[in-house]
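Here is a set of exercises to work through with the model open beside you. Try each task yourself, then follow the solution step by step.

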Amino acid sequence: MIEVALASGLPAATAAWDEAHALGRALLETGRYDTIQVRVNNNTRSAVRYRCAARVLNLSVHWRVLGQTADLVELVARGSRPAWLSIQERLGPDPTPREVDLEPRGDIHDLAALAEAEQIWLPQPVQAVIGWGRWPHRAPERGLRFGSCTGQTPPVIRIHPVLDHGTVPGWYVGFVVFHELLHVAIPPTPGAGRRVVHSRTFGRHEATHPEFHRAHAWEIHEMPFLLARIAARVSGGGPGPRRGSA
Ligand SMILES: [Zn+2]
C-alpha cells in the first residue's frame, strides 16, 4: 500500500504527488515493506527523514529531491552514503546566509585565529563561518553546549559567549572550535530516523587531538563556575560577569 501526503505550499503539487507515488512503488518493489507512507515536505532542514516499524515505512522527502528515485531507494532501503551525498548535492546550499554578521573577535579570544590554528588537527581542511553565539535568555536546564554547527553551506559555527572570559584558556576554546570544525570534516551519517552526530569515526578522530584529555578534565573542573556565570548573566540582565568587573 502506498499513501502520499503533501505539505502545503509546494510549487507543483501534481508532479510531487506523481513522483512520490513512483518513489513509493520503487520502495515497495524492494520487498522490505508492506506499506509506504510518503510525505512531501518543503523544509531543507529535513530533506530526507524515515523510520520503519513492522514493515511500515514512514518517509518524509523534500520536493526538490523527489525525482531522485534510485538514490532515495538506495538511501532508505540500504543506508547508502553515496546516495545521501548525491541527494544533498541536488538539494544545494541552504538559502539562509543571514549569519554573515557573526562576530569572531571577542573581548579575550579570537575565534577566527583559533579556527585557523586548529585546521592542522582535522583529517582535511574545512571552511566554515564562525562567531560568538548570543547569551541565552534562560539558564540551561540540561547539558550545556559550548558550540554548535549547522549543516548548511557554508556551515555556521557558534561558540558560547561564556567562553570569552579571561579565566578560560585559549587552548580550551581552541579545542571546542576543533570539535565543531570536526563536525564539518566528518558530517553526521544518516540513520533510520535520526542522524548519528558523534559517530565512532568522529570519536576516534577527536581523541587524537593533543588537548583532548586536558580539555575534558578542565571542563569538568570549571563547569560550576561556567554555569554560575551564565546564571548571573541571565538573572542580572546587564553586561554581567563577562567583563569580569564585579
Ligand atoms: Zn559535537
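## Exercise 1: Confidence

Task: in this predicted model, find which element of the protein chain has the lowest mean pLDDT and which has the highest.

Solution. Start with the elements: helix 3 (residues 81–91) sits at the bottom with a mean pLDDT of 82, while helix 5 has the highest, 97. Next, look at residues 238–246, where the pLDDT is below 50. Beyond near neighbours in sequence, that stretch still has 15 contacts in the model. Keep a caution in mind here: where pLDDT is low, the predicted coordinates should not be read in detail. Finally, step back to the whole protein chain: its mean pLDDT is 85, and 88% of its residues reach 70 or more.

## Exercise 2: The sheet

Task: work out the order of the four strands in the open sheet, and which strands stand at the edges.

Solution. Trace the sheet across and you get the order 1-2-4-3, with mixed pairing. Now pick out the edges: strand 1 (2–6) and strand 3 each have a single partner strand, so one side of each is left without a neighbour in the sheet. From one strand to the next, the twist averages 10°.

Then take one pair by itself. Strand 2 and strand 4 run parallel, with seven bridges joining them. To find a spot in this pairing, go to Asn41, which stands opposite His62 in strand 4.

## Exercise 3: Thr35 and its surroundings

Task: decide whether Thr35 is buried or exposed, and list what Thr35 touches.

Solution. First place the residue: Thr35 belongs to strand 2 (residues 35–41). Its relative accessibility is 12%, and because the cut-off for buried is under 20%, Thr35 counts as buried. Now for the company: leaving out residues up to four places away in sequence, Thr35 touches Met1, Glu3, Arg55, Val56 and Leu57.

## Exercise 4: Two positive phi angles

Task: go to the loop between strand 3 (48–53) and strand 4 (56–62), and look up phi for Ala54 and for Arg55.

Solution. Begin with Ala54, which lies in that loop. Its phi is near 50°, a positive value in a residue other than glycine. Ala54 is exposed, with a relative accessible area of 73%.

Move on to Arg55, also placed in the loop between strand 3 and strand 4. Arg55 isn't a glycine either, yet it has a positive phi of about 65°. Its relative accessible area is 36%, which makes Arg55 partly exposed.

## Exercise 5: Helix 2 and Val65

Task: describe how helix 2 lies against the strands, then find what Val65 is in contact with.

Solution. Helix 2 (residues 69–78) lies across strand 3 and strand 4, and runs at about 45° to strand 3. Its buried residues are Leu72, Val73, Leu75, Val76 and Ala77. Just after helix 2 comes Gly79, with a positive phi of about 65°.

Now go back to Val65, in the loop between strand 4 and helix 2. With 0% relative accessibility, Val65 counts as buried. Setting aside neighbours within four places in sequence, Val65 is in contact with Ala47, Val48, Leu72, Ile87, Arg90 and Leu91. Leu72 of that group is also one of the buried residues of helix 2. For a longer jump along the chain, take Val65 and Glu19: they are 46 residues apart in sequence and 9.9 Å apart in space, C-alpha to C-alpha.

## Exercise 6: The zinc ion

Task: name the residues that coordinate the zinc ion, and say how the donor residues are spaced in sequence.

Solution. The donors are His179 (NE2), His183 (NE2) and His198 (NE2), at 2.0 Å. Read along the sequence, their spacing is H-x3-H-x14-H. His179 and His198 link distant parts of the chain, 19 residues apart: His179 is in helix 5 (residues 170–185), and His198 is in the loop between helix 5 and helix 6 (200–206).

Last step: check the accessibility of that pair. His179 is buried, with a relative accessible area of 16%, whereas His198 counts as exposed at 52%.

Definitions and conventions. Residues numbered from 1 in each chain as written. Predicted model: local features only at pLDDT ≥ 70, side-chain atom pairs only at ≥ 80, totals over all residues. Heavy atoms only, no water. Buried < 20%, exposed > 50% of the residue type's maximum accessible area, 1.4 Å probe, protein only. Contact = heavy atoms within 4.5 Å. Pairing = 2+ DSSP bridges. Axes fitted to C-alpha atoms, helices over the stretch in contact; angles between N-to-C directions. Donors = N, O, S within 2.8 Å, 3.2 Å for Na, K, Ca; no water. pLDDT = per-residue confidence, 0-100.
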